[in-house]
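Please find below a colleague's note, arranged as numbered points for reading beside the model.

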Amino acid sequence: MEDKIKNLKENANRILNEITSTQELEKLRVEYLGKKGEIVELLKGLKDIDKEKRKKIGESANKLRDYINEKIEKKKIELKEKEYELKINSTKHVDLTVPININVGSLHPITIVQKELEDIFTSMGFTVEDGNEVETEYNNFEAVNVPKFHPARDMQDTFWLENGQLLKTQTSAAQNKIMRKYGAPLKAIFPGRCFRNEALDASHENTFFQMEGMMIDENVSISNLIYFMKSLLSEIFKKDVTVRLRPGFFPFVEPGFELDIKCPYCDGVGCKVCKHGGWIELCPCGMIHPNVLKMGEIDPNKYSGFAFGLGLSRLAMMKFGIDDLRLLNGGNLKVLKQMRIK
Ligand code: FA5
């Protein structure tokens with residue numbers, strides 16, 4: 001009996017060394033450890049040997065069973081690892097770094113500039129608000145101090161709807177709603193699409209984007225306005241920009257300004273972008289008129305604020321070095337692809 005145990009162990013070891021697949025291993029397991037396997041047969045034979053030897057041989061048989069079991073489990077792990085390795089080596093690898101040659105979409109240049117501005121303003125504590133494209137006459141004009149028959153309405157040739165509403169001519173149209181929604185103090189920007197019945201040229205579209213901004217608090221002054229605009233434009237053009245204010249008329253601000261920047265492309269020397277003037281007119285702005293604050297339910301004796309209306313489309317034009325605004329809305333993919341930011 002002891003010889004048989006020894007032979008079984010040697011045989012099992014030999015077969016284990018030769019096995020190369022999990023199927024062969026399973027066959028070995030059934031052969032040795034199965035219900036009708038060698039070990040069970042061995043244990044059955046114990047009843048025929050005398051009592052004294054039975055205990056010792058029984059122990060050896062159990063040890064052999066544990067030994068083979070352990071060897072099989074080890075071999076199983078080894079074979080699985082080999083099979084996995086083989087599978088990996090035979091799989092075609094995908095190189096994720098190879099540049100793809102398909103047409104992927106990208107953000108529109110105006111959206112890119114808008115998002116950049118939103119990031120800068122939110123980092124300065126401003127919230128980003130939404131405005132409507134179809135507006136009431138009140139919000140677009142009256143609430144910003146442009147009553148009926150005011151000559152300033154002529155500056156914005158308006159698309160009227162049959163129901164008396166209109167296509168927003170300026171992002172200022174959202175000022176009143178935002179003031180009434182939040183009250184003071186308040187710091188908000190509101191980008192949006194505007195519409196005017198324009199004679200089209202390289203810098204005028206009938207559909208264009210603006211980004212309006214407002215800051216209202218106690219003791220807000222023109223210095224705050226200059227500081228915010230200078231920080232913003234320096235971030236956009238990635239260099240320190242010089243700004244200047246010229247008087248400008250908008251009924252909703254008093255005083256009102258046109259903010260110009262020293263051309264960041266030629267440093268004021270004169271180039272195609274600044275039309276050789278050295279300065280670029282970028283953003284009308286001013287201190288919010290007390291009437292506008294009052295209509296927004298904000299006390300002008302306690303609070304003051306500034307507002308600005310940045311021409312987003314024109315800013316995108318400058319950032320991407322485009323000399324005709326109409327290219328941005330033209331829907332020509334060949335043009336837009338050149339302005340992708342990767
Ligand atoms: C306004 O629309 C005022 N609401 C801006 C404002 C806000 C002033 C707050 C003071 C305080 P203006 O009509 O100048 O102003 O337009 C502002 C900017 O929008 C312009 O500087 C220009 O960059 C852009 N813009 C105006 N009309 C067009 C157009 N037809 N096509 C493309 N951009 C335009």
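The points that follow take up aromatic contacts, backbone geometry, one helix and one strand pairing.

1. Status of the model. The structure is a predicted model, and the remarks below should be read in that light.

2. Aromatic pairs. How many aromatic pairs does a search of the whole structure find? The search yields eight. In one of them, Tyr227 and Phe228 meet edge-to-face, with 5.5 Å from centre to centre and 75° between the planes. The arrangement is called edge-to-face because an angle over 60 degrees falls in that class.

3. Surroundings of that pair. Are Tyr227 and Phe228 buried or exposed? Tyr227 counts as exposed because its relative accessibility is 52%, and the cut-off for that term is over 50%. Phe228, by contrast, has a relative accessible area of 8% and is therefore buried.

4. Aromatic cluster. Tyr227 and Phe228 also belong to one aromatic cluster, together with Phe121, Phe126, Phe306 and Phe308.

5. A charge over a ring. Elsewhere, Lys9 is placed over the face of Tyr67, and its distance from the ring centre is 4.4 Å.

6. Cis peptide bonds. The bond from Ala184 to Pro185 is cis, with omega near -5°. Pro185 is situated in the loop that runs between helix 7 (175–182) and strand 4 (186–195). A cis bond is also found from Glu254 to Pro255, where omega is near 0°; Pro255 is part of strand 7, which covers residues 253–262.

7. Positive phi at two asparagines. Asn145 is not a glycine, yet its phi is positive, at about 70°. Its loop lies between helix 6 (137–140) and strand 3 (166–167). Asn145 counts as buried because its relative accessibility is 17%. Asn219 likewise has a positive phi, near 60°, and belongs to the loop between strand 5 (207–217) and helix 8 (222–237). At 69% relative accessibility, Asn219 is therefore classed as exposed.

8. Helix 8. This helix has 16 residues and spans 22 Å from its first C-alpha to its last, close to the expected 22 Å. Which residues of helix 8 are buried? They are Leu225, Phe228, Met229, Leu232, Leu233, Ser234, Ile236 and Phe237. In an α-helix there are 3.6 residues a turn, so residues three or four places apart point the same way. Helix 8 is followed by Lys238, whose phi is positive, near 55°.

9. Strands 6 and 7. Strand 6 (residues 243–247) and strand 7 run antiparallel and are joined by five bridges. The two strands form a hairpin, and five residues lie between them. Arg246 has Glu258 as its bridge partner in strand 7.

10. Asp260. Where is Asp260 found? The residue is in strand 7. Asp260 is buried because its relative accessible area is 1%, which is under the 20% cut-off. Its side chain makes a polar contact of 2.6 Å with the side chain of Arg246. With neighbours within four places in sequence left aside, the residues in contact with Asp260 are Thr242, Val243, Arg244, Arg246, Trp279, Ile280, Glu281 and Leu282. Arg246 therefore appears here as a contact of Asp260, with 2.6 Å for the polar contact that joins the two side chains.

Terms used
Residues are numbered from 1 along each chain as its sequence is written. This is a predicted model: local features need pLDDT of at least 70, side-chain atom pairs count only at pLDDT 80 or more; totals for chains, interfaces and linings use all residues. Side-chain values use heavy atoms; hydrogens and water are left out. Rings of Phe, Tyr and Trp (its six-membered ring) pair if their centres lie within 6.5 Å; planes under 30 degrees apart count as stacked, over 60 as edge-to-face and the rest as tilted. Buried means under 20% relative accessible area, exposed over 50%, partly exposed in between (1.4 Å probe, protein chains only). A charge sits over a ring if NZ of Lys or CZ of Arg is within 6 Å of the ring centre and within 35 degrees of the ring normal. Helices (H or I, at least four residues) and strands (E, at least two) are DSSP runs, numbered from the N terminus. The expected span of a helix is 1.5 Å times one less than its number of residues. A polar contact is a pair of N or O atoms within 3.5 Å; within protein, one must be able to donate a hydrogen and the other to accept it, and residues adjacent in sequence count only if both atoms are side-chain atoms. Contact means heavy atoms within 4.5 Å. Two strands pair if DSSP finds at least two bridges between them.
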